[in-house]
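This report covers contacts between chains, the ligand site and salt bridges. The sequence and structure come first.

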Amino acid sequence: MASVTTNGQDRDPVSLFEIHRRQMIRDRMIVNVTLGVVFLGFLLWSLWISRFTPDRLATGLPRIFEYFGSVMPSLQWDVLFDGRNEAGRFPAGSIGYWYNDFWKYLRLIWETILMALTATILAIGLAVALSFIAARNCTPFPWAGVLARRFLEFCRGVPEILFALVLVFAVGIGPLAGVLAITIHATGALGKLFSEVNENASMRPVDGIKAVGGSWFEQMRYGILTQVLPNFTSYALWRFEINVRASAVVGFVGAGGIGAELSHTISFYSDDRVTAVLLLVVLTVTIIDLVSERARHSLIGKESLR
Amino acid sequence: MSTLTFHAISDADIAAARKRYPKAFGDPFVATLKAASWAFVIVYLIWSLGFFEIGKLLSASDRAWALMTRMVVWQDMATWQYANIYKGIAQTIAMAFVGTLLGTIFALGLAFLAARNTMPVGLFRHAVRRLLDVFRGIDQIVWGLVFVRAVGLGPLAGVLAIWISDMGNLAKLYSEAIENIDRKQVEGVRATGADTGRIIRYGYLPQILPVFISLSLYSFESSTRSATILGLVGAGGIGMIIIERFRAGLFDQVAFVVLNVLVVIAVIDWGSGLIRKRFIGERGH
Amino acid sequence: MLEFKGLTKQFNSTVAVKPATFTIPDGQMVGIIGRSGAGKSTLLRMINRLNEPSGGQMLFQGRDITALKGRDLRQWRNECAMVFQQFNLVGRLNVITNVMSGRLFHHGFASSMMGIFTAKERAFAIRALDRLGMAHVALQQTDTLSGGQMQRVAIARALVQEPRIMLADEPIASLDPLNAKVVMDALRAINRQDGLTVICNLHTLDTARQYCDRIIGMQDGVIVFDGTPKELTDRAAREIYGAEAEEAFSEAMTSTALHPQPVAQPEARVVN
Ligand SMILES: Nc1ncnc2c1ncn2[C@@H]1O[C@H](COP(=O)(O)OP(=O)(O)O)[C@@H](O)[C@H]1O
Ligand SMILES: [Mg+2]
């Protein structure tokens, strides 16, 4: 059999293959060992810096179980569904006792959802407008595109709760600060996603509208928006889910919603009130996720969003 | 009939066209529905902004302006205790790393219990999934506060919070990856007469490992972001420094810290993107 | 009358159109031929300023259109409609809205953003569609149409602009011979009946010979031929097409079915 090697050496294919194989294994070993050492080093450094040491864990873990034990409701089957007694109180062990503040929680959750909804609508409006300026293929002026992209990056980079902290200082305690904070952050996040969708849109319809004498607004409205609207809707729904979660915690810094009650309850009580309010929040978030997910999937099939 | 100018279109022409193609002149039902939905959104917005007391924005201008100026005009930069700041940032990254690693390890186990094709007992699978829902449904910062209550102030609470929420997120995503596995490859391995261990090693792992690594890296990125604010409730990291200095009215320092955090996060995103590419090529997940 | 005075276009280092000077009188049907990359599209797109000229001047009825800006520019674009090779319709809108978009220039900001069109515009759009035998699909979503149908919708959109010039950039290059004939017949009818100037980029020689009053040949950005179809001998054509000559000629062979229809009764055209 004629030799197919190009290195001019006179070896049979099997031993050549063996040489190559050993070389490859050795190369891969070196890379893997290096990566492993770096990883381990980083891990040790991290454990030390975050003070995540065995003795701390040993003292911490029992306390965690103790704490979770103390916040569990102590429900009793015989009085579970009992109403108020003569003194106007629920008997201990009943659901009514556990959820004594149910209506207050419900009102706050309602406020939380409204905050998220308003912020989402405002953010959609701002993000749509900015996305056309930020998208490289749409921008009316390149310098405005650069500015818009930097602005969106900033809005997206700073977490809602930090904006909320600052805005509570500026406009006072209450849901307004939360709505504005979530709006700003969501504008950044949506604006980036929207502008990426715009950049992937076909420019042919835009040329068509341009050629009939359409203005920039008309080119965007007819040429681009019609193409990207399903994607926009899907992203907006997805953002609404995230905003509900955010608006449930901006109250930690006084920016409205259930967050203030949540942080107050967790900070000052270690009884079943903690699980009562937490469970309600989890239920709300889960239900909204489910509904919105359904809507999204029916919109553009089972396309993944990331 | 040939050429006709727009100008010359008469009412009779319109009537004739309407008669032939009535639907081309707009569906009044659809038009009303559209107008009504727009009206609803606008009315809702106006109402809700009133409900949230948008007017406070106007009266706030003085305070807002003072805040903005303080954030932009940096004073006494020599006294800013930079070591403290960078230690806080380092702690944030460390917390995110340890938390994500722990979350990954635990999620690996939970994912197989939550995936339909690896956990045939429906009741148990659903129990695991609901538990994961609780881990995910409670925001990381809420977990942070809970753990601060349980184990006290400091980064340990932060690590635990990242651990538990990453565990919930990753286990769900991992289990989806396991469910979306290509069954033909598994059957190919089984056909060679392999035992369960080998089926997992050669049938499942090559398919899911790149996805898992990619998901965990994403999780690390997002945990570094979210870990920056865990300190707001006392769970360690740079957030503690941000809230301390904010409460003390040192807004210029807060702005500086936030800028630094943004840069660090951008660098981490970039680095993790590189690693992702190295492990799984260009295809992402 | 459309006058070109040393009009030129340069992309970075490539000169797509070298200084071109010629005149197109009103009502002429002009075909521009040349191999791909010769600069045909660039020349055409400079007329309605989708491409900005790098030098020279264009005059329409004595008015300088090279320097138009803002609303004046949009008005000029509205006056010279364009038909594209890939139709460039808005796929997700229905056919009639696409046609009515030809009147967007006359709309105010609010009505165009809300997509509100008047009954008169709708009637006019239906007339235009009817003229191209497309009124029956007026409510269909545009991207569900076939290529030939889309091109006819695009021509209808151009018609409702009530243009004075019709530009067509390889309008039949993506169509089968039958649809190509329908589209070319329509352009010719517009030229003959409405008296519009039609300037049409064509890849195939035969089509240009059959339909145009005048043929302009381009090669590497230079106008190398300008005359009547009769003056365009095979030898001259070979020179224009260079290496692509065989292709251009063989395409001409395959589309020999393309004989222009007498223009007297355009309605008699069979649709679908
Ligand atoms: N947007 C552009 N950027 C750079 N070069 C271009 C651009 N458009 C066209 N060209 C170049 O200009 C020349 C003429 O192109 P074009 O007018 O499209 O030719 P034709 O339509 O005759 O095929 C070609 O060399 C082409 O590569
Ligand atoms: Mg071309």
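A polar contact here is a pair of N or O atoms within 3.5 Å; within protein, one must be able to donate a hydrogen and the other to accept it, and residues adjacent in sequence count only if both atoms are side-chain atoms. The model is predicted.

## Chain B against chain A

By that definition, 11 residue pairs are in polar contact between chain B and chain A, with both residues of a pair at pLDDT 80 or more. Salt bridges are absent here: the rule finds zero across this interface. By class, the side of chain B that touches chain A has 47 nonpolar, six polar and nine charged residues.

How much area is buried between chain B and chain A? The figure is about 5,300 Å², and carbon and sulfur atoms give 79% of that area. Which residues of chain B lose the most area to chain A? They are Phe52(B), Phe97(B) and Arg149(B). Together these residues account for 13% of what the chain B side buries. The contact takes in 62 residues from chain B and 60 residues from chain A.

## Chain B against chain C

Chain B also meets chain C. Here, 18 residues of chain B are in contact with 19 residues of chain C. The two chains bury about 1,800 Å² between them. Carbon and sulfur atoms carry 68% of that area.

The rule finds two salt bridges across the interface of chain B and chain C. Asp130(C) and Arg20(B) meet in a salt bridge through their side chains, at 3.2 Å from N to O. Polar contacts link four residue pairs across this interface, again with both residues at pLDDT 80 or more. By class, the side of chain B that touches chain C has nine nonpolar, five polar and four charged residues.

## Ligand 1 in chain C

Which residues surround ligand 1? The shell consists of Phe11(C), Ala16(C), Arg35(C), Ser36(C), Gly37(C), Ala38(C), Gly39(C), Lys40(C), Ser41(C) and Thr42(C). By class, this shell has three nonpolar, five polar and two charged residues. Helix 1 of chain C (residues 40-47) gives the largest share of the shell, three residues.

Both side-chain and backbone atoms lie by oxygen atoms of the ligand. A polar side-chain atom of Thr42(C) is 2.4 Å from an oxygen atom of ligand 1. For Ser41(C), a polar side-chain atom is 2.6 Å from a ligand oxygen atom. Ala38(C) places a backbone N or O atom 3.2 Å from an oxygen atom of ligand 1. On its own, ligand 1 has 560 Å² of accessible area, and the protein covers 58% of that.

## Salt bridges overall

How many salt bridges does a search of the whole structure find? The total is 30 over all chains.

One salt bridge lies within chain A. Arg22(A) pairs with Glu18(A), and their closest N and O atoms are 3.9 Å apart. Both residues belong to helix 1 of chain A (residues 13-49). Because they are four residues apart in this helix, Arg22(A) and Glu18(A) are separated by about one helical turn.

Conventions
Residues numbered from 1 in each chain as written. Chains lettered and ligands numbered in written order. Predicted model: local features only at pLDDT ≥ 70, side-chain atom pairs only at ≥ 80, totals over all residues. Heavy atoms only, no water. Near = heavy atom within 4 Å. Areas by Shrake-Rupley, 256 points an atom, 1.4 Å probe, with all protein chains shown as cover. Helix = DSSP H or I, 4+ residues; strand = E, 2+ residues; numbered from the N terminus. Nonpolar A, V, L, I, M, F, W, Y, C, P; charged D, E, K, R; others polar. Contact = heavy atoms within 4.5 Å. Buried area = accessible area lost by both parts, 1.4 Å probe. Salt bridge = Lys/Arg side-chain N within 4 Å of Asp/Glu carboxyl O.
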